[in-house]
Amino acid sequence: MASTPSVSTSFLAAKTHPVRGYFYIASATFLWGIAATLGRAAFTGRLLPAGAALRPIDPLILSQARTTFSFLVLLPILAGVRGWKNLKLPAADLGRCFLLGVLGVAASNYLYYFAIQKTNVATAIILQYTAPAWVLLYTVARGLQKATVQRVSAVALAVVGCALAIGVVGAGGFRLNAAGVIAAVVASFSFAFYNVSGHSILARYNRWQVLLWTLVAASTFWIIINPPWKIAAAHFSGAQWLFLLSFSLISVLVPFALYFAGLQHLEPTRAIVASCLEPVFSIVIAAIALGELMKPIQVLGIVIVLTAIVLIQRRDRGASEEVTLVEPIE
């Protein structure tokens, strides 16, 4: 296990590979886009034979299953490949992983689905994807970055592009519900939190260790909130369990491993702006797989998001280079 070096107040971004980081983030968001399309198709009957549709699954069960199944699949694999001793973390960093799992992964997943249930997909996504703004505000307030024109412009473009891409302007628009709006906003804070917190710990430990303990934390939290006997009482069908297992691997285990890898190579503002590719991929995949029509305004939104990503990755001459103390562990 790697020793824990001291960490300065600046982001750990030296000796990293930005291109590799963007590739990892793009791959993760592509899988999240597939997961979103699969979920919509399965619940509407467009994925199952004879037009059958899955019985609706509560957001809590969906969030719990995603993390728990992912943990149960990942644990024996890592134990066999790396050995139990190499999976341990010091108590302090274990606590940070638990905060990352509960306040970051578990909270953002559940609150996002709850927001969709209470409002609609467009409202939930655009409110959650205000997260780039929260990351930038936090890093500027802490003196970790400067609020340069380039960074502010990229974050603003990313948020606006997401809004246009998911169809906020048009027939769908916003559907306001107090509980749903609050949930989506808190989800955006959670999303921002695990980008900032995750970047720091991932600079010091292997991403598989961090992912494992993050999933342990989220799974433990959910098993306390919703114990096994309550799940058994729901009497889910075989098709539902199969969907939950597949959905867990596609939407959590693999993409989070990729996203954490991206955070090892990109500072949080760049990573979270790049994550705005998720709604872009969701729209494009739905158009190809489900035959959903893309409106010109959505195409414009996609172009704006791509512009934001290109802008944020360019070297900012108005800001000093960030100090690099630790090389990410592959």
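The questions and answers below concern the salt bridges, cysteines and one helix residue of a predicted model.

Visitor: How many salt bridges does the structure hold?
Guide: Side chains of opposite charge can pair when their charged atoms come close. The cut-off here is a side-chain nitrogen of Lys or Arg within 4 Å of a carboxyl oxygen of Asp or Glu. By this rule the count is three.

Visitor: Which residues are linked in a network of salt bridges?
Guide: D93 forms a salt bridge with R96, with the closest N and O atoms 2.7 Å apart. D93 also forms a salt bridge with R204, where the closest N and O atoms are 3.3 Å apart. The network therefore consists of D93, R96 and R204.

Visitor: Where do D93 and R96 lie?
Guide: The two residues are three apart in sequence, about one turn of the helix. Both are in helix 3, residues 91–118.

Visitor: Is R96 buried, partly exposed or exposed?
Guide: Buried means under 20% relative accessible area and exposed means over 50%. R96 has a relative accessible area of 41%, so R96 is partly exposed.

Visitor: Is D93 buried or exposed?
Guide: The cut-off for buried is under 20% relative accessible area. D93 has a relative accessible area of 2%, so D93 is buried.

Visitor: How many residues apart in sequence are the parts that D93 and R204 tie together?
Guide: D93 lies in helix 3, whereas R204 lies in the loop between helix 7 and helix 8. The salt bridge of this pair therefore ties together parts whose separation in sequence is 111 residues.

Visitor: Why does R204 count as buried?
Guide: R204 is found in the loop between helix 7 (178–202) and helix 8 (207–225). Buried means under 20% relative accessible area. R204 counts as buried because its relative accessibility is 6%.

Visitor: Which residue has its backbone oxygen 3.5 Å from a polar atom of the R204 side chain?
Guide: The side chain of R204 makes a polar contact with the side chain of D93, at 3.3 Å. A backbone oxygen also lies 3.5 Å from a polar atom of the R204 side chain, and that oxygen belongs to S200.

Visitor: Which side chain meets E267 in a salt bridge?
Guide: E267 is buried, with a relative accessible area of 3%. The partner is partly exposed, with a relative accessible area of 22%. The N to O distance is 3.9 Å, and the partner is R270.

Visitor: How many disulfides does the structure hold?
Guide: A disulfide is a covalent bond between the sulfur atoms of two cysteines. The cut-off is a pair of cysteine sulfur atoms within 2.5 Å. C276 is in no disulfide, as the nearest cysteine sulfur, that of C162, is 3.8 Å away. For the structure, the number of disulfides is zero.

Visitor: What is the relative accessible area of C276?
Guide: C97 is buried, with a relative accessible area of 0%. C276 is buried too, and its relative accessible area is 0%.

Visitor: Which residues is S190 in contact with, leaving aside its neighbours within four places in sequence?
Guide: S190 is in helix 7 and counts as buried at 6% relative accessibility. Its C-alpha atom is separated by 8.8 Å from that of A106, 84 residues apart along the chain. With neighbours within four places in sequence left aside, the contacts of S190 are L103, G104, A107 and S108.

Methods. Residues numbered from 1 in each chain as written. Predicted model: local features only at pLDDT ≥ 70, side-chain atom pairs only at ≥ 80, totals over all residues. Heavy atoms only, no water. Helix = DSSP H or I, 4+ residues; strand = E, 2+ residues; numbered from the N terminus. Buried < 20%, exposed > 50% of the residue type's maximum accessible area, 1.4 Å probe, protein only. Polar contact = N/O pair within 3.5 Å; in protein donor to acceptor, adjacent residues only side chain to side chain. Contact = heavy atoms within 4.5 Å.
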